[in-house]
Amino acid sequence: MVSKAPASADMTLADISNLFHPFALTEEQMDFYQKTDSVRGNEGFEFHDLLYQNIKSADKNSHLLVVGHGGCGKSTELGMLTLKLKNAGLPSIGIEAREDLDLNNFSHIDIFMRIVECLLKYAEDNGMQVHKKLISSFYEALATKTTIKYWGKEVQAEVGAEVEAAFSLPFILKITSKISAFLKIGSGQKEELRKEIAPQIPNITRALNAMIDEINDSLAPKGKIIIIIDGLEKCRSDNVKDLFRNDISSLANINTHLVITCPINVYRSPIATILQGYFVNPAIMPMIKTHYRGFPDKPYEDGIRVIKELIAKRVDPSYFEDGVIESIIAMGGGNLRDTCYLVRESAFVAYMRERKTVDMSSFEHAAKKFATDLFFRAEYKYFPAIKAIYDGDHRTRNEADLSELLYAGVVFEYNGEHWLDLHPLIRNYIKNHPGVLDD
């Protein structure tokens with residue numbers, strides 16, 4: 001979480017490091033928000049405004065696929081969307097991969113059960129009267145061999161004591177929360193639980209949609225509740241591909257507005273053909289360009305200016321020696337998360353060296369370490385694709401190798417005529433290690 005900026009006179013380099021945690025802004029930190037449309041699409045409105053108007057003006061359920069690189073700013077834009085919806089009196093349910101899923105082992109069932117849990121929690125928090133028939137439907141669908149085993153004695157006591165009292169909103173919420181938690185942090189029996197729940201998804205969906213109808217009736221005529229699923233680019237790539245290739249229909253059948261992020265490597269693959277049936281007009285969030293195609297050392301001043309403004313909203317530039325901010329931005333390549341990481345690590349190195357400002361040597365130390373980490377994300381079999389881009393091939397192509405390099409953050413795709421380039425840190429690493437890509 002990014003901290004609130006202390007008074008400038010009281011700021012240390014450790015404070016600066018803490019201001020640049022590479023995570024999305026929270027509602028309390030929106031003073032740090034930086035408008036970027038002028039260097040993304042120059043359409044005259046910010047990305048979250050586009051999403052908001054798609055939802056607000058929709059005459060039926062709006063299914064929005066939000067596509068972009070990990071670290072490009074999607075989560076902050078979705079945070080702005082959530083805030084805008086809240087101010088308009090439209091509630092949203094947020095599923096965040098880092099907090100709600102096992103990043104290395106999840107399926108659509110895990111996401112589905114988390115949605116059920118969040119909507120039941122919304123109903124409880126807002127004092128809604130959910131019909132006993134609906135509670136019974138949820139219970140019957142979720143009462144599998146494994147769930148009954150792990151609900152615990154207290155839940156079984158409630159069921160055994162008085163069926164009528166047991167079928168309550170707090171009761172089914174307790175059950176759902178246990179299932180959701182088990183799917184996130186449970187042991188090897190996760191797959192067994194998923195197999196038991198999978199055949200019940202149609203029944204759970206019917207009960208869920210009936211409850212959503214009640215929620216949406218209470219919101220009329222303002223609109224409907226919105227489900228926002230974010231952070232999937234942080235998850236294991238195979239799990240994400242399975243979700244969008246095989247199981248997206250389960251989520252699309254939920255009867256309300258849906259906003260879901262899609263990593264760019266998935267969208268730049270044959271899976272995109274499947275997605276067109278569920279998401280007619282994907283919202284693609286471009287990277288901020290910091291250099292020109294084919295000219296990695298030629299700065300794109302408009303992009304650099306916007307990122308400088310973003311940094312200046314958190315810290316006075318006087319805490320950096322001349323040229324350091326520009327070097328950080330150039331090596332971040334327009335990826336805001338990586339830029340924040342470089343500021344954070346450079347400031348911390350300077351702090352450990354007892355400097356008064358972030359100096360070039362501290363930045364170079366942080367950048368070298370990050371470049372090495374990035375380079376070793378790429379498997380040897382992808383070296384020919386990396387070398388082709390390094391040698392000047394900037395064409396976007398629907399190829400498996402490029403898809404994996406996009407996922408790893410080794411390659412970036414820029415807007416305009418849609419061109420590819422290596423992460424500047426990767427390009428620098430190759431330049432400083434001649435022959436590293438050779439057979």
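Q: A helix here is a DSSP run (H or I) of at least four residues, so which helix holds Gly-79?
A: In this predicted model, Gly-79 sits in helix H3, residues 74-87.

Q: Why is Gly-79 called partly exposed?
A: Its relative accessible area is 22%. Buried means under 20% and exposed means over 50%, so Gly-79 falls in between and gets the middle label.

Q: How far apart are Gly-79 and Lys-195, along the chain and in space?
A: They're 116 residues apart in sequence, and their C-alpha atoms are 34 Å apart.

Q: What makes Leu-193 buried?
A: Leu-193 belongs to helix H11, residues 190-197. Its relative accessible area is 2%, and the cut-off for buried is under 20%, so the label follows.

Q: What does Leu-193 touch, leaving out residues up to four places away in sequence?
A: Thr-144, Thr-146, Thr-147, Ile-179, Phe-182 and Leu-183. As for Leu-183, ten residues away along the chain, its C-alpha is 8.2 Å from that of Leu-193.

Q: How many aromatic pairs turn up in a search of the whole structure?
A: Ten. Take Phe-348 and Tyr-351: their ring centres are 6.0 Å apart and their planes meet at 35°.

Q: What makes Phe-348 and Tyr-351 a tilted pair?
A: Centres have to lie within 6.5 Å to pair, and 6.0 Å passes. Stacked needs planes under 30 degrees apart and edge-to-face needs over 60; at 35° neither fits, so the pair is tilted.

Q: Where do Phe-348 and Tyr-351 sit in helix H18 relative to each other?
A: Three residues apart in H18 (residues 336-352), which means about one helical turn between them. Phe-348 is partly exposed at 40% relative accessibility, and Tyr-351 is partly exposed at 38%.

Q: Which residues form one aromatic cluster?
A: Phe-375, Phe-376, Tyr-380, Phe-383 and Tyr-429.

Q: How do you know that Lys-289 lies over the face of Tyr-300?
A: Lys-289 is 4.3 Å from the ring centre. The distance limit for NZ of Lys is 6 Å, along with a limit of 35 degrees from the ring normal. Lys-298 likewise lies over the face of Phe-295, at 6.0 Å from the ring centre.

Q: In what order do the five strands of the open sheet run?
A: S2-S3-S4-S1-S5, with parallel pairing. S2 (92-96) and S5 (283-284) each have a single partner strand, so one side of each has no neighbour in the sheet, and that makes them the edges.

Q: How do you know that S1 and S5 pair?
A: Pairing takes at least two bridges, and S1 (residues 63-68) and S5 have two, in the parallel sense. Val-66 stands opposite Ala-283 in S5.

Q: What does helix H2 touch on the sheet?
A: H2 (residues 47-56) touches S1, S3, S4 and S5, and its direction makes about 165° with that of S1. Helix H5 (residues 108-125) lies across S2 and S3, at about 145° to S2.

Q: Which residues have the most contacts inside the largest nonpolar core?
A: Leu-232, Phe-244 and Leu-251, in a core of 124 residues. H5 gives the most to this core, eleven residues. A second, separate core has 20 residues, including Tyr-52 and Val-66.

Definitions and conventions:
Residues are numbered from 1 along each chain as its sequence is written. This is a predicted model: local features need pLDDT of at least 70, side-chain atom pairs count only at pLDDT 80 or more; totals for chains, interfaces and linings use all residues. Side-chain values use heavy atoms; hydrogens and water are left out. Buried means under 20% relative accessible area, exposed over 50%, partly exposed in between (1.4 Å probe, protein chains only). Contact means heavy atoms within 4.5 Å. Axes are lines fitted to C-alpha atoms, for helices over the stretch in contact, and angles run from 0 to 180 degrees between N-to-C directions. A nonpolar core is a set of buried Ala, Val, Leu, Ile, Met, Phe, Trp, Tyr and Cys residues joined through side-chain atoms within 4.5 Å.
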